[in-house]
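User: I would like to go through some local features of this model, one question at a time. Please give the reasoning before each value or name.

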Amino acid sequence: MTWPGSRDSSDRSASPVIPALLAMVMVLFPVAGEAGFRCGSSLVSLGDWPVEVRDRCGEPDYIATYPTAAIPGLGIVQEVEHWYYNRGPQRFIRRLEFRNGSLQREDTLGYGFSGDSPGACTPASLEQGLSEFEVVTRCGEPLSRRTQWRAYSSRNAAGVVQGQALMPVETWLYDFGDRHFRRELTVVNGRVTRVETGNRP
């Protein structure tokens, strides 16, 4: 038995259907490096400049900037920026990651929200998995921050370890008044990974 479009010794006249199907797949599902996404009626692609993304998508709702490399005596030499776009409760929040002045990654988070806040700011509302954008929009900037550098294994798209990389790990402190304990949030790559109960003010 042969698949439609395949050729064997008994059928040399079969039409080459497989190359046509492969071409259709390439059109419908482009290579990840060439993939883009839409901001309204405009197309944004990986590799675009920040000014191009701003022209097509408008001003982001929130920008977070992190150092990713530093040289003693010179200071910070490389930064990563996270741009967040909130398009309302019927659409997902989008996070765009820029490195070295180039769009490198686009992530889709949970559903957005209407108005100026995704909900009330209470100790219970600060939970693991929230994005930095959701936390700041809900509770404002933290009372204080600490930054530590930790070594992580960097992996390629196939999951193969490529080496060690330093990543800033931030601790955010929030105060809820005399009746509540403070909350300490560990934020890694724009996500809350841990929430701990601190001391009273």
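Analyst: A residue counts as buried under 20% relative accessible area, as exposed over 50%, and as partly exposed in between. The model discussed here is predicted.

User: Is Asn100 buried or exposed?

Analyst: Asn100 is found in the loop between strand E5 (92–99) and strand E6 (102–111). Its phi is positive, about 55°, although Asn100 is not a glycine. The cut-off for exposed is over 50%. Because its relative accessibility is 60%, Asn100 counts as exposed.

User: Which class of accessibility does Asn189 fall in?

Analyst: Asn189 is placed in the loop between E9 and E10. Phi of Asn189 is near 50°, a positive value in a residue other than glycine. The relative accessible area of Asn189 is 35%, so Asn189 is partly exposed.

User: Is Val80 buried or exposed?

Analyst: Val80 belongs to strand E4 (residues 75–85). The limit for buried is under 20%. Val80 has a relative accessible area of 5%, and therefore Val80 is buried.

User: What distance separates the C-alpha atoms of Val80 and Arg99?

Analyst: Along the chain, Val80 and Arg99 are 19 residues apart. In space, their C-alpha atoms are separated by 4.9 Å.

User: How far from Arg138 is the nearest side chain of opposite charge?

Analyst: Arg138 sits in helix H3 (residues 132–139) and is buried. A salt bridge would need a side-chain nitrogen of Arg within 4 Å of a carboxyl oxygen of Asp or Glu. Arg138 has no salt bridge; the nearest side chain of opposite charge is that of Glu127, at 5.6 Å.

User: Which residue's backbone oxygen does the side chain of Arg138 reach?

Analyst: Buried Arg138 lacks a salt bridge. Its side chain does reach a backbone oxygen, at 2.9 Å. That oxygen belongs to Ser125.

User: Which elements give two or more residues to the lining of the second largest pocket?

Analyst: The second largest pocket has a volume of about 200 Å³. Its lining includes Arg146, Tyr152, Glu184, Val188 and Arg194. The elements that give two or more residues to this lining are strand E7 (144–155), strand E9 (183–188) and strand E10 (191–197).

User: How many charged residues are in the lining of the second largest pocket?

Analyst: Among the lining residues are Arg150, Glu184 and Glu196, as well as Gln148 and Leu185. By class, the lining has three nonpolar and four polar residues, and the charged residues number five.

Conventions. Residues are numbered from 1 along each chain as its sequence is written. This is a predicted model: local features need pLDDT of at least 70, side-chain atom pairs count only at pLDDT 80 or more; totals for chains, interfaces and linings use all residues. Side-chain values use heavy atoms; hydrogens and water are left out. Helices (H or I, at least four residues) and strands (E, at least two) are DSSP runs, numbered from the N terminus. Buried means under 20% relative accessible area, exposed over 50%, partly exposed in between (1.4 Å probe, protein chains only). Lys and Arg count as positive and Asp and Glu as negative; His and the chain ends are not counted. A polar contact is a pair of N or O atoms within 3.5 Å; within protein, one must be able to donate a hydrogen and the other to accept it, and residues adjacent in sequence count only if both atoms are side-chain atoms. On a 1 Å grid over the protein atoms alone, a cavity is a set of points where a 1.4 Å probe fits but cannot get out, and a pocket is an open set with protein on both sides within 12 Å along at least five of seven lines; lining residues have an atom within 4 Å of a point. Grid points are joined across faces, edges and corners, and a volume is the space filled by probe spheres set on the points. Ala, Val, Leu, Ile, Met, Phe, Trp, Tyr, Cys and Pro count as nonpolar, Asp, Glu, Lys and Arg as charged, and the others, Gly among them, as polar.
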